[in-house]
Amino acid sequence: MLNTSSKHIIFGFLSVLIVSQAQGQKLLTIKDAEQLALANYGTIKAKANQLNASKAYLTETKTEQLPDVNLSAQQDYGTVNGQNGPLYGYRGFSVASSGPALAKQNWNSAFGSLYLANVSWDFFSFGRAKEKVKVQRTAVSRDETDLVQEQFQHQVRVASTYLNLLAAQQLSKAAEDNLQRAMELQKVVVARVKNGLNAGVDSSQANAEVSNARIALTNSRQTVQDQSNQLAVYLGIPSQEFQLDSAFVTKAPANTDPQTTVLTENHPLLQFYQNRINVSNELAKYYSTFSYPTFSFFGTYQGRGSGFKADYGSNLNDYSSSYGAGADPTRFNYLVGVGMIWNITNPFRVHYQVKSQKYTSAQYKDEYDLVNQQLIAQQALAETRISNALKNFSEVPLEIKAASDAYHQKYALYKNGLANIVDFTQALYVLNRAEVDMDIAQNNVWQAILFKAAATGDFGVFINNF
């Protein structure tokens, strides 16, 4: 017997299975598919996060123009033996003990303290801070156009896969019809052979036609599964069977010569490539500012306390080891000033850094020109593809009618012993080929419109053409 927990688990599993099957049978329009894809596809979500990161870094870059304000407090305990001689505290790995230079070591110890407020501000560096902000601002624009072009290209990928799956489903249906006709032929042939009206070899050929039709059907179903899996990946959902909109096989586009108002330079892909150039150009300007000096303002106010008294140098007993004596500041100092720092060898290094970045800009410009040429060529090719697809689309009904008439004629003749099986199977093949041509021709018209949308950068050319 199942316990209550097991029943709940099984019931929940069955519920999920039923819901999943119901969802799989729901009509998926191409607009719904596009919305799912834009919301779920991993690459788009990744580029959206990349854009958010760039925007956050732009905000941080703007705050770098603020002065550095540091507060520090320390309280120490130790000796103050001094020694005449030079000393360099490398990276802070040394103590700063100040006291009289005594004849020998002693271990008198007391508390000391230091309280510090410091301001440092690079107030003028020949536009370096502003250029850095400009660099990041163009980086944000680049990432924005990168997201837009990825969304656009994914819309095209989803639409193309949607049409491919629909075509595969139609071809699978044609394969099923062909198998059904082959089986009907098989029944007629077997009956005539049994009655001695046809030779036995006719039965073997009919069996071969049925086997061939079954193989074709299996292959077509595999293609459907492949395209279904690909569409599911693009939509970011589990693999399943899809019921697609039949409008793409029942009617032609509303406008077979769609025009776009999007200029070539505004194509999402070209805008992304242009912003790559902009970022590189701004980087070159930013690097050039490192050739110049930096002017800084600085100010410090500090208080110090010590357990060692003022005459400790002449009276080594005049100190207190109490915490309060060292923690209480008794001496204060302040300092303000303006400084300039300039590494005079920087211009030699920066010159080649800027030169290198300019070559990178030239590289991006060459890539932009190449993509621009490809898109212009694709726009011209799109017009030819649409024209050829429409010619085939108008020719297919004639092929279907002629093939269907020939099939029915040969079928009637064969049943009455007036035609041989070779003529009949040839008519069967011609009809199946005509049905396949019809499915492909209808789909190719929409694929050609989609190709033009991809070339012009205007997805509305396709999606608004129902």
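Domain bounds here come from an automatic or database domain assignment. With that in mind, welcome to the tour; the model you have open is a predicted one.

**Stop 1: the two domains**

Start by colouring the chain by domain. Domain 1 is made of residues 30-65, 125-293 and 344-464, while domain 2 takes in 71-124 and 295-341. Now place a marker at the C-alpha centre of each domain: the two centres are 73 Å apart.

Next, zoom in on the place where the domains meet. How many residues does each domain bring to the contact? Domain 1 gives four residues and domain 2 gives six residues. Together the two domains bury about 400 Å² between them, and carbon and sulfur atoms account for 63% of that area.

Select Ser125, Phe126 and Pro293. These three residues supply 86% of the area that domain 1 buries against domain 2, more than any other three residues. If you look for salt bridges between domain 1 and domain 2, the count is zero. As for polar contacts, one residue pair is found across this interface, with both residues at pLDDT 80 or more.

**Stop 2: Phe126**

Stay with Phe126 for a moment. You will find Phe126 in the loop that runs between strand 3 (110-124) and helix 4. Its backbone is worth a look: phi is positive, about 60°, although Phe126 is not a glycine. Is Phe126 buried, partly exposed or exposed? With a relative accessible area of 36%, Phe126 counts as partly exposed.

**Stop 3: Ser296**

Now select Ser296, which sits in strand 5 (residues 294-306). This serine is buried, and its relative accessible area is 13%. Which side chain does the side chain of Ser296 meet in a polar contact? The partner is Asp122, at 2.5 Å. Show the surroundings too: leaving aside residues up to four places away in sequence, Ser296 touches Trp121, Asp122, Phe123, Gly337, Val338 and Gly339.

**Stop 4: the nonpolar cores**

Move over to the largest nonpolar core, which has 41 residues. Select Leu231, Leu235, Phe242, Phe248, Phe459 and Phe462, the residues with the most contacts inside this core. Several helices each supply at least two of its residues, among them helix 2 (30-40), helix 3 (42-63), helix 5 (200-235) and helix 9 (346-415). The largest share, twelve residues, comes from helix 4.

Apart from this core lies another one, of 21 residues. To find that second core, select Ala175, Leu185, Val189 and Val210, which are among its members.

**Stop 5: Asp146 in helix 4**

Go to Asp146, a residue of helix 4. Asp146 is buried, with 7% relative accessible area. Display the side chains of Asp146 and Lys47, and you will see a polar contact of 3.0 Å joining them. Beyond residues up to four places away in sequence, Asp146 touches Lys47, Gln50 and Phe272.

**Stop 6: salt bridges**

Side chains of opposite charge can pair when their charged atoms come close. How many salt bridges does a search of the whole structure find? The search gives 14. Here are some to visit.

- Select Glu131 and Lys134, whose side chains meet in a salt bridge of 3.8 Å, N to O. Both residues lie in helix 4, three residues apart, about one turn of the helix. Glu131 is buried at 14% relative accessible area, whereas Lys134 is partly exposed at 39%.
- Select Glu150 and Arg157, which form a salt bridge of 2.8 Å, N to O. Glu150 is buried, with a relative accessible area of 10%, and Arg157 is partly exposed, with 25%.
- Select Lys285 and Glu282, joined by a salt bridge of 3.9 Å, N to O. They are about one helical turn from each other because they lie three residues apart in helix 7 (residues 268-288). Lys285 is partly exposed, at 44% relative accessible area, while Glu282 counts as buried, at 14%.

For the last selection, choose Asp257, Glu383 and Lys452. Salt bridges that share partners join these residues into one network.

How values were computed
Residues are numbered from 1 along each chain as its sequence is written. This is a predicted model: local features need pLDDT of at least 70, side-chain atom pairs count only at pLDDT 80 or more; totals for chains, interfaces and linings use all residues. Side-chain values use heavy atoms; hydrogens and water are left out. A nonpolar core is a set of buried Ala, Val, Leu, Ile, Met, Phe, Trp, Tyr and Cys residues joined through side-chain atoms within 4.5 Å. Buried means under 20% relative accessible area, exposed over 50%, partly exposed in between (1.4 Å probe, protein chains only). Helices (H or I, at least four residues) and strands (E, at least two) are DSSP runs, numbered from the N terminus. Contact means heavy atoms within 4.5 Å. Buried area is the accessible area (1.4 Å probe) that two parts lose on being put together, summed over both. A salt bridge is a side-chain nitrogen of Lys or Arg within 4 Å of a carboxyl oxygen of Asp or Glu. A polar contact is a pair of N or O atoms within 3.5 Å; within protein, one must be able to donate a hydrogen and the other to accept it, and residues adjacent in sequence count only if both atoms are side-chain atoms.
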